[in-house]
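Reader: I am new to reading protein structures and would like some friendly help. Could you take me through one, feature by feature?
Author: Gladly; let us look at it together.

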Amino acid sequence: MFADYHVHTEYSDDSVYPMESVVQDAIRMKIDELCFTDHVDYGIKEDWDSGKPIVYRGQDPLANVDTPRYIREIDRMKQKYGGQIALKTGLEFGVQVHTIDQFEALFKRYSWDFILLSIHQVENQELWTQDFQRGKSQQEYNERYYQELLEVVQKYKHYSVLGHLDLIKRYDPAGIYPFERVRPWIEKILKVVVAEGKGIEINTSAKRYGLTETMPSVEILKCYREFGGRIVTIGSDSHKPEHLGAGISEAKKLLKSLGFDSFCTFDQMQPVFHAL
């Protein structure tokens with residue numbers, strides 16, 4: 001089973017990759033199953049139909065997925081290409097504690113196969129722009145990031161897996177913060193995740209961003225397994241054709257080397273296990 005479970009299209013504010021091109025490329029690559037996970041980041045971005053003006057950063061709109069159009073286009077792709085590839089309906093929720101109610105409402109509005117829960121910003125300050133890190137020590141912004149993630153998983157339940165759990169390291173100007181210094185936070189997060197039957201993803205973009213370790217780290221994957229976690233998805237976090245499907249086979253080998261015997265896809269928010 002060749003599946004990519006973290007895929008962005010033109011419906012994300014940070015991608016111009018047409019959804020139909022993604023599907024056609026995936027078919028050419030002999031990908032068996034694809035899940036679309038375009039961005040929703042309440043607190044930072046507005047819905048297109050919110051009635052509020054859309055702010056632009058350069059040419060990029062600070063706007064969430066236009067969900068009605070997005071759902072219609074996925075349905076069209078399923079009808080047109082369903083005989084050649086399995087396509088799943090998902091989103092990547094960039095949740096903050098104070099935006100949980102908005103995500104609850106969005107989740108209930110549609111039928112989903114899969115929801116990635118990610119932390120892209122804290123206190124409406126984005127990680128990738130360094131707005132969140134600026135003015136804080138490396139210890140302060142790392143601990144605050146994991147504190148927010150812990151509080152989110154304690155309060156928000158409508159998700160499938162945690163996306164790139166240690167994302168903060170992708171945007172850490174001081175380099176990767178030692179795992180042992182944040183182990184207590186990560187263990188608390190993983191215990192909640194496992195107790196509630198949720199999963200984590202291996203995000204294969206780490207090499208693309210110049211990181212020297214996987215995302216999440218091997219230490220995190222080991223902890224998840226030691227706590228009884230079995231649900232792991234694999235996604236490329238693709239935004240361009242050259243990203244699609246990248247690193248999936250290597251991620252499977254890593255999982256197997258750590259003692260996992262399967263990885264997951266999802267259907268109607270339920271995990272489906274596939275032997276490694």
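Author: Let us begin with one ring: Phe93 counts as buried, at 0% relative accessibility. Please keep in mind that this is a predicted model.

Reader: Which residue forms an aromatic pair with Phe93, and how is such a pair described?

Author: In general, two numbers describe a pair of aromatic rings: the distance of the centres and the angle of the planes. In this structure there are eight aromatic pairs. In one of them, Phe93 and Tyr156 lie 6.4 Å centre to centre with 50° between the planes, a tilted arrangement. The two rings come from distant parts of the chain, 63 residues apart: Phe93 belongs to strand β5 (residues 86-94), while Tyr156 is in the loop between α4 and β9. Tyr156 is also buried, at 0% relative accessibility.

Reader: Which residues do ring pairs link into a cluster with Phe93 and Tyr156?

Author: Tyr42 and Phe103 join Phe93 and Tyr156 in that cluster.

Reader: Now for charges. How many salt bridges does a search of the whole structure find?

Author: The general idea is that side chains of opposite charge can pair when their charged atoms come close. Here the search finds 19 salt bridges. Take Glu73 and Arg76, whose closest N and O atoms are 3.1 Å apart. Both residues sit in helix α2 (residues 67-81), three residues apart, about one turn of the helix.

Reader: Are Glu73 and Arg76 buried or exposed?

Author: Glu73 is buried, with a relative accessible area of 15%. Arg76 counts as partly exposed at 34%. The two also belong to a network of salt bridges that includes Glu20 and Lys80.

Reader: Where do Asp237 and Arg170, which meet in a salt bridge, lie?

Author: Their side chains meet at 3.0 Å, N to O. Asp237 is in the loop between β11 (232-235) and α7 (248-257), and Arg170 is in the loop between β9 (161-162) and α5, so this pair ties together parts that are 67 residues apart in sequence. Both partners are buried: Asp237 has a relative accessible area of 3%, and Arg170 has 12%. Arg170 has another contact too, since its charged end sits over the ring of Tyr209, 3.9 Å from the ring centre. In a similar way, the charged end of Lys188 sits over the ring of Trp185, 5.4 Å from its centre.

Reader: What is the distance in the salt bridge between Asp166 and Lys169?

Author: Their closest N and O atoms are 2.7 Å apart. Asp166 is buried, with a relative accessible area of 3%, and Lys169 is buried too, at 6%. Remember Asp166, as we will meet this residue again shortly.

Reader: Let us turn to empty space. How many cavities of 30 Å³ or more are there?

Author: The general idea is to roll a probe the size of a water molecule over the atoms, which shows where empty space is left. In this model there are two such cavities. The largest holds about 100 Å³ of space. Of its 14 lining residues, the closest to the centre are Tyr146, Asp166, Ile176, Tyr177 and Glu213. Helix α5 (179-195) gives the most to this lining, with three residues. By class, the lining has nine nonpolar, two polar and three charged residues.

Reader: What classes of residue line the second largest cavity?

Author: That lining has six nonpolar, three polar and no charged residues. The cavity holds about 30 Å³ of space. Among the residues that line it are Leu117, Ile119, Tyr145 and His164.

Reader: What about pockets: which residues lie nearest the centre of the largest one?

Author: Those are Asp14, His39, Trp128, Tyr171 and His239, out of 25 lining residues. The volume of this pocket is about 470 Å³. Its lining divides into six nonpolar, eight polar and 11 charged residues.

Reader: Which element gives the largest share of the lining of the second largest pocket?

Author: That is α7, with three residues. The second largest pocket has about 310 Å³ of space. Its lining has 16 residues, with Thr204, Lys207, Thr214, Gly247 and Glu250 nearest the centre. By class, the lining divides into seven nonpolar, five polar and four charged residues.

Notes:
Residues numbered from 1 in each chain as written. Predicted model: local features only at pLDDT ≥ 70, side-chain atom pairs only at ≥ 80, totals over all residues. Heavy atoms only, no water. 1 Å grid on protein atoms, 1.4 Å probe; cavity = no way out; pocket = protein on both sides within 12 Å on 5 of 7 lines; lining within 4 Å. Points joined across faces, edges and corners; volume = space filled by probe spheres on them. Helix = DSSP H or I, 4+ residues; strand = E, 2+ residues; numbered from the N terminus. Nonpolar A, V, L, I, M, F, W, Y, C, P; charged D, E, K, R; others polar. Salt bridge = Lys/Arg side-chain N within 4 Å of Asp/Glu carboxyl O. Buried < 20%, exposed > 50% of the residue type's maximum accessible area, 1.4 Å probe, protein only. Phe/Tyr/Trp six-rings, centres within 6.5 Å; stacked < 30°, edge-to-face > 60°. Lys NZ or Arg CZ within 6 Å of the ring centre and 35° of its normal.
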